[in-house]
Amino acid sequence: MTNKTLEKASIVYDRLLDLGDELDQEGITTAEMARGTAYFLVELCFDTAPSSDYAMHLLLSAITARLERNIDDSKEEVA
């Protein structure tokens, strides 16, 4: 990702955290927000990506990045 793309992704991430705080005040649980956000994200990717393969690539790239972070964190705990 380019620096500009990372900046924009960071803005979206921060805004979603703010939304999570607002929804929490309305009684929406974290699990409910995660479920709703995941559903929205999948629909958004498939509705806007140039192909289904590209939509899957976007989703799997995000999952892979998280798994790699978990692995790196595990390595640090062991060391």
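**Exercise 1. Compare the radius of gyration of the protein chain with that of a compact globule of 79 residues.**

Step 1: Start with the rule, 2.2 Å times the number of residues to the power 0.38, with the radius taken over C-alpha atoms. For a compact globule of 79 residues this gives a value near 12 Å.
Step 2: Now turn to the model, where the protein chain has 15 Å.
Step 3: Add the dimensions: along its principal axes the C-alpha trace spans about 40 × 35 × 25 Å.

Before you go on, a word on the source: this is a predicted model, in which local features need pLDDT of at least 70, side-chain atom pairs count only at pLDDT 80 or more, and totals for chains, interfaces and linings use all residues. Residues are numbered from 1 along each chain as its sequence is written, and side-chain values use heavy atoms, with hydrogens and water left out.

**Exercise 2. Find the helices and strands of the protein chain.**

Step 1: Take helices as DSSP runs of H or I with at least four residues and strands as runs of E with at least two, numbered from the N terminus.
Step 2: Count them: there are three helices and zero strands.
Step 3: Read along the sequence to get the pattern α-α-α.

**Exercise 3. Work out what share of the residues is buried, then place Asp73, Gly36 and Met56.**

Step 1: Set the classes by relative accessible area, with a 1.4 Å probe and protein chains only: buried is under 20%, exposed is over 50%, and partly exposed is in between.
Step 2: By that rule, 8% of the 79 residues count as buried.
Step 3: Asp73 sits in helix α3. Its relative accessible area is 36%, so Asp73 is partly exposed.
Step 4: Gly36 belongs to helix α2, and at 39% Gly36 is partly exposed.
Step 5: Met56 lies in helix α3; with 37%, Met56 is partly exposed.

**Exercise 4. Give the C-alpha separations for two pairs of residues.**

Step 1: Asp73 and His57 are 16 residues apart in sequence, and their C-alpha atoms are 24 Å apart.
Step 2: For Met56 and Ile28, 28 residues apart in sequence, the C-alpha distance is 28 Å.

**Exercise 5. Describe the charged side chains of the protein chain.**

Step 1: Count Lys and Arg as positive and Asp and Glu as negative, leaving out His and the chain ends.
Step 2: The result is 7 positive and 16 negative side chains.
Step 3: Place each charge at NZ of Lys, CZ of Arg, CG of Asp or CD of Glu. The centres of the two sets then lie 5 Å apart.
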